[in-house]
Amino acid sequence: MRSVFRVFFCFLFLGTIQMSAQQKIIDYVNPMAGTKSMGHTFPGACAPFGLVQLSPDTEEVPHNIDGQYQPDAYRYCAGYQYDDKTIVGFSHTHFNGTGHSDLGDILIMPTVGDIQLDMGTAEHPENGYRSRFSHDREKAEAGYYSVVLEDNDILAEFTATERVGVHRYTFPQGIRIGHIILDLEYGIYNYDGKVLMANLRVEDNHTLTGYRITRGWSRMNYTHFAIKFSKPITNYGCRNNEKVLYNGFWRKFDMTHNFPEMFGRNLVAYFDFDFSDGKPLEIQVVLSPVDCLGAMKNLEAETSGKSFDDIRLQTQQKWEKELGCIQMDGDQDTKAVFYTALYHTMINPSVYQDVDGRYRGIDHNIHQAEKGRTNYTVFSVWDTFRAEHPLMNLLKPSRGEQFANSMLDHYLQSVHHALPVWSHMGNENWCMIGYHSVSVLADAVAKGLNIDKNLALEACVSSSSVNYYDGIDQYRERGYVPLERSASAASITMEYSYDDWAIDQLAKRLNRSDIENQYAKRALNYRNVFDRSLGFARPKLADGSFKKDFDLLDTHGQGFIEGNSWNYSFFVPHDVYGLIREMGGEKQFVRRLDSLFTMKLPAKYFENTEDISEEGLMGNYVHGNEPSHHVAYLYKWTDEPWKSEYRLHQIMKQMYKNKIDGLSGNDDCGQMSAWYVFSALGFYPVCPGSDQYVLGAPLVKEATINLENGKTFTVKSVDLSDRNVYVKSIKLNGKPYKKSFLTHTDIVNGGELIFEMDARPVKQSATYEKPYSFTK
């Protein structure tokens, strides 16, 4: 008997080894992470950087009712909340992790029984087409999602290419007629009147075409589509739930039943299919920003002749390849968090052109991309200039070039002659502050990307000179934005100052001393909102005085956005030594940093703020909002650099977890995740636009970056543990390394970086060469 058990356990052991060897990177990706509470991620299927994000939506809460904002809408920025018990349908466009929203285009839901064109309620889903579901029968992978719709026992499966969402619905045995509900009225952040028009044509008994035009965060979003069914339509109809004051001679027809052209602002349609053969229904929904002919070309190019399983395999292979740019070793949880974060950095920006190269520009004209170029959209630049774009410039510079070129095309098409502030679906939505696309372009040039540098400089100067945008006229005249001009005046001034430094650096690289000298002065404008009697940033009034009745901890009404003065005062990434002087010297600066992480922030300062929860706080440090993302690294400019290492380890462990609520704040189109990827590797771009990455403390035991140029850069951590979080020594390519930063060249030339870790701070590191600062 013992020998039998020995043989059994031997086979079990060998099998475990074999399974481990065969484990893929995508097996570590957990798309459910961040779907509960603040992360605002979606669990559905998409291809890397694709236009389509096919995902379940669990509720529709309007953005406003009769102009009155509905706060609960915020929870549904991605359409899905893990705690919900019902699914209303599956729509094809979603943002990853934003704190404002739009999209949710082309919602589809399978049903049986009586046709119901209302979605019903969460309390009574039987009164509509929505369905109950259970997480026990739900599965999410990179490029694949499935769930059982329990009310009708329908297995719903999804995958996607860049432009096509692919559905497979397996209806229960014995069902003869099943229905597909197509709701063109539904949307994320919907409101009465958001859909300006929808059109649907039945081209034949397998094919639909149509479009939808919405007015939301994207002021004029054109979504053209085509739909292919694997089964023939047996019957169909629609309802347009609006009062039409003029119908013309269309009144001749009964347009609600088997009429091949449907039209309206509140259009919901249904289609019947025969399931007596027991086979599932596959649906391919293809999108185009241009027209329905473009949609059909996209369909032909991406899915023609391919089954659902073919497409799923192809898309998951794409994810495996994209994620394979970094091979890392660590425990299972660390690998899951790492690769889930890396996955989230590759959802947005999103391709926004047809396979024939046509796309809808910011001017709403149809443009033809140059050969070899791809137009992208979804530029959440206030968030992503910090780490998401620098990460792409390092890992995927060819993609980074396309992003930068898309921004330059935006500039050329803009009637404001401006780069993107926050743009999506061929529209500028003007969300947040700054003109941070200049940082993205400056960083691209600093990292050696192949873009038109002179056009980039022209676009940057123009963007920083749009006088009617967010107080630029006052900023250029006074050196700061007065509080009377903007409620976010102090934040704006500080961010303009950094952006102007980025323009200064770009001009310097192009030997444009005239522009360099002008913007070198503007780069120091952050000083104009520092109250030296406090050592903190404080908004100024037009008469030059500081705001009275000032609260350093309050995020509302104090001149800052998504942060208070305590957090925002540290946003001078380009001139840290200058910041140290403004705060009263190094000792005071370090005490301030210490206090930021350890002080108790009273609940009144965050309990009524929708984008911050207590879980996202570490003292008064707010990791859930981007202005703080570089702050833990600032100790590296002081004689106590080891404090960065301790805090970074604490943030990575506390704010990122392999759980459904594993993100401490909105993922913001990959920025939160990009911070983790960089920091886990042991370095971070504190000041995009420079060529430096500030060294921190890695969380990976070993990771190899497979660079596009064919070289590799490996990071190793010796003696890393939950206790050993301090860096004892560093070696670069076998030699002792005495700098607090790496350069971009150090990495892209390939090599090996070894951190030796210890449980105690190593004070010798205070003698290492400090990172860049604009002033000394």
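This report walks through some strands, helices and aromatic rings of a predicted model.

## The three-strand sheet

Let's start with a small piece of β structure. Strands β32, β33 and β38 form an open sheet in the order β32-β33-β38, and the pairing is antiparallel. The edge positions belong to β32 (683–684) and β38 (741–743); each has a single partner strand, so one side of each lacks a neighbour in the sheet.

For the register, look at β32 and β33 (residues 692–695), which run antiparallel and are joined by two bridges. Here Phe 683 sits opposite Leu 695 in β33.

## The six-strand sheet

Another open sheet has six strands, ordered β21-β34-β35-β39-β36-β37, and its pairing is mixed. At its edges stand β21 (326–329) and β37 (735–736), each with a single partner strand, so one side of each is left open, without a neighbour in the sheet.

Inside that order, β39 is followed by β36. Strand β36 (residues 726–732) runs antiparallel to strand β39 (residues 751–758), and six bridges join the two. If you would like a pair of residues to find in the viewer, Ile 730 faces Phe 755 in β39.

## Strand β14 and its partners

Strand β14 (residues 195–204) is worth a visit for its pairings with β15 and β18. With strand β15 (residues 207–214) it pairs in the antiparallel sense over eight bridges. A hairpin of two residues connects β14 to β15, and Val 195 stands opposite Thr 214 in β15.

Strand β14 also runs antiparallel to strand β18 (residues 261–264), to which four bridges join it. In this pairing Arg 201 is found opposite Glu 261 in β18.

## Helices α7 and α9

Now for some helix packing. In general, a pair of packed helices is described by the angle between the axes and the distance between them. For helix α7 (residues 397–413) and helix α9 (residues 453–463), the axes come within 10 Å and cross at roughly 55 degrees. The two helices are therefore oblique to each other, and their crossing is left-handed.

From α7, the contact takes in Leu 408, Tyr 411 and Leu 412, which meet Leu 455, Ala 456, Glu 458, Ala 459 and Ser 462 in α9. By class, that contact of α7 with α9 has six nonpolar residues, one polar and one charged.

## Helices α15 and α16

Helix α15 (residues 586–598) and helix α16 (residues 642–655) have axes that come within 12 Å and cross at roughly 20 degrees. This pair is therefore roughly parallel, since angles under 35 degrees count that way. The crossing of α15 and α16 is left-handed.

On the α15 side, Val 590, Asp 594, Phe 597 and Thr 598 make the contact, while α16 brings Lys 643, Arg 647 and Ile 651. The residues in this contact of α15 with α16 divide into three nonpolar, one polar and three charged.

## Aromatic rings

Across the whole structure, a search finds 43 aromatic pairs. One of them joins Tyr 498 and Trp 501: their ring centres are 5.9 Å apart and their planes meet at 25 degrees, so the pair is stacked. Both residues lie in helix α11 (residues 489–509), three residues apart, which is about one turn of the helix.

Definitions and conventions. Residues are numbered from 1 along each chain as its sequence is written. This is a predicted model: local features need pLDDT of at least 70, side-chain atom pairs count only at pLDDT 80 or more; totals for chains, interfaces and linings use all residues. Side-chain values use heavy atoms; hydrogens and water are left out. Two strands pair if DSSP finds at least two bridges between them. Axes are lines fitted to C-alpha atoms, for helices over the stretch in contact, and angles run from 0 to 180 degrees between N-to-C directions. Angles under 35 degrees count as roughly parallel, over 145 as roughly antiparallel, 65 to 115 as roughly perpendicular and the rest as oblique. A crossing is left-handed if the near helix is turned anticlockwise from the far one by less than a right angle, and right-handed if clockwise. Contact means heavy atoms within 4.5 Å. Ala, Val, Leu, Ile, Met, Phe, Trp, Tyr, Cys and Pro count as nonpolar, Asp, Glu, Lys and Arg as charged, and the others, Gly among them, as polar. Rings of Phe, Tyr and Trp (its six-membered ring) pair if their centres lie within 6.5 Å; planes under 30 degrees apart count as stacked, over 60 as edge-to-face and the rest as tilted.
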